[in-house]
Amino acid sequence: MIYLKDLLSGHCFVSETSVPGTIEIPKEDYDRYADPPANVRLAHVLLDPEKTASEKKLYMFRTLKHYLVDDGSLVEDEARPFHNPPMTVDEIQIEYQKYVGDDDERAEQLLQEKREAKAYIRSLVEG
């Protein structure tokens, strides 16, 4: 097994043989660059003492689409989206802006969902 990094995309993967357009990298680099599951990335950000509460919230506003399951694993609960279809806080904000002025009822619903999602995320960081 060799650890490879694609020169164009930066994606890392494991192969039995070398592949054109890639470079061989040490296992330590592979472990650092490989794309971890979303809950591992979230844990990395939330547990990083160098990150401010604001940075942690911004990361979740951009990436989190569901409430988390209640077992502390930082896995998103597919049955409890912030919106249906699931959207991040930032995506809800973009959708909200489409309806401001033209469909105030729809805009108000989206604004309320965004407020609830932001409050939930704040509770994770500041709670």
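**Exercise 1. Work out which residues Glu95 touches beyond its sequence neighbours, and what else its side chain does.**

Step 1. Leave out anything up to four places away in sequence, and Glu95 touches Met87 and Leu110. Keep in mind that you're working with a predicted model here.

Step 2. Place the residue: Glu95 sits in helix α4.

Step 3. Check its accessibility. Glu95 has 14% relative accessibility, so it counts as buried, the cut-off being under 20%.

Step 4. Look for a charged partner. Glu95 makes a salt bridge with Lys98, and the closest N and O atoms are 3.0 Å apart. Both residues belong to α4 and are 3 residues apart, about one turn of the helix. That spacing fits the usual rule: an α-helix has 3.6 residues a turn, so residues three or four places apart point the same way.

Step 5. Compare the two ends of the bridge. Glu95 is buried, while Lys98, at 53%, counts as exposed.

**Exercise 2. Find the buried residues of α4 and say what covers them.**

Step 1. Pick out the buried positions: Val89, Ile92, Glu95 and Tyr96.

Step 2. Ask how they're spread around the helix. Their arc around the axis is only 120°, so they end up on the same side of α4.

Step 3. Look at what lies over them. The cover includes α3 and α5.

Step 4. Go past the end of the helix. After α4 comes Gly101, with a positive phi near 90°.

**Exercise 3. Do the same for α3, then follow one of its lysines to a partner in another helix.**

Step 1. In α3 (residues 53-63), the buried residues are Lys56, Lys57, Met60 and Phe61. They span an arc of only 135° around the axis, which puts them on the same side of α3.

Step 2. The cover over these residues includes α2 (38-46), α4 (89-99) and α5 (104-126).

Step 3. Take Lys57. Its side chain meets that of Glu126 in a salt bridge, at 2.8 Å from N to O. Since Glu126 lies in helix α5 and Lys57 in helix α3, the pair ties together parts 69 residues apart in sequence.

Step 4. Check both ends for accessibility. Lys57, at 16%, counts as buried, whereas Glu126 is exposed with a relative accessible area of 51%.

Step 5. Put this bridge in context. The salt bridge count comes to 6. Another of these is Arg115 with Glu108, where the closest N and O atoms are 3.7 Å apart. Here Arg115 is partly exposed at 43%, and Glu108 is partly exposed at 42%.

**Exercise 4. Reconstruct the open sheet of 3 strands from its pairings.**

Step 1. Start with β1 (residues 2-6) and β3, which pair in the antiparallel sense over 3 bridges. Then add β2, joined to β1 by 4 bridges and also running antiparallel.

Step 2. Read off the order: β2-β1-β3. That leaves β2 (12-15) and β3 (22-24) at the edges with a single partner strand each, so one side of each has no neighbour in the sheet. Ignoring direction, neighbouring strands are turned by 35° against each other on average.

Step 3. Verify the register by residue. Lys5 stands opposite Cys12 in β2 and opposite Ile23 in β3. Leu4 has Glu24 as its bridge partner in β3.

**Exercise 5. Describe the surroundings of Glu76.**

Step 1. Glu76 is in strand β5 (residues 76-81) and is partly exposed, with a relative accessible area of 22%.

Step 2. List its contacts, again skipping residues up to four places away: Thr63, Leu64, Lys65, His66, Tyr67, Leu68 and Val69. With His66 there's a side-chain polar contact of 2.9 Å.

Step 3. Add a C-alpha distance: Glu76 and Ala38 are 38 residues apart along the chain, with their C-alpha atoms separated by 8.7 Å.

**Exercise 6. Where do you find a cis peptide bond and a positive phi outside glycine?**

Step 1. Recall the background: most residues other than glycine have a negative phi, and most peptide bonds are trans.

Step 2. The cis bond joins Asn84 and Pro85, with omega about 5°. Pro85 falls in the loop between β5 and α4.

Step 3. The positive phi belongs to Leu74, near 65°. Leu74 is in the loop between β4 (66-68) and β5.

Conventions. Residues numbered from 1 in each chain as written. Predicted model: local features only at pLDDT ≥ 70, side-chain atom pairs only at ≥ 80, totals over all residues. Heavy atoms only, no water. Buried < 20%, exposed > 50% of the residue type's maximum accessible area, 1.4 Å probe, protein only. Helix = DSSP H or I, 4+ residues; strand = E, 2+ residues; numbered from the N terminus. Arc of directions from axis to C-beta. Contact = heavy atoms within 4.5 Å. Polar contact = N/O pair within 3.5 Å; in protein donor to acceptor, adjacent residues only side chain to side chain. Pairing = 2+ DSSP bridges. Axes fitted to C-alpha atoms, helices over the stretch in contact; angles between N-to-C directions. Salt bridge = Lys/Arg side-chain N within 4 Å of Asp/Glu carboxyl O.
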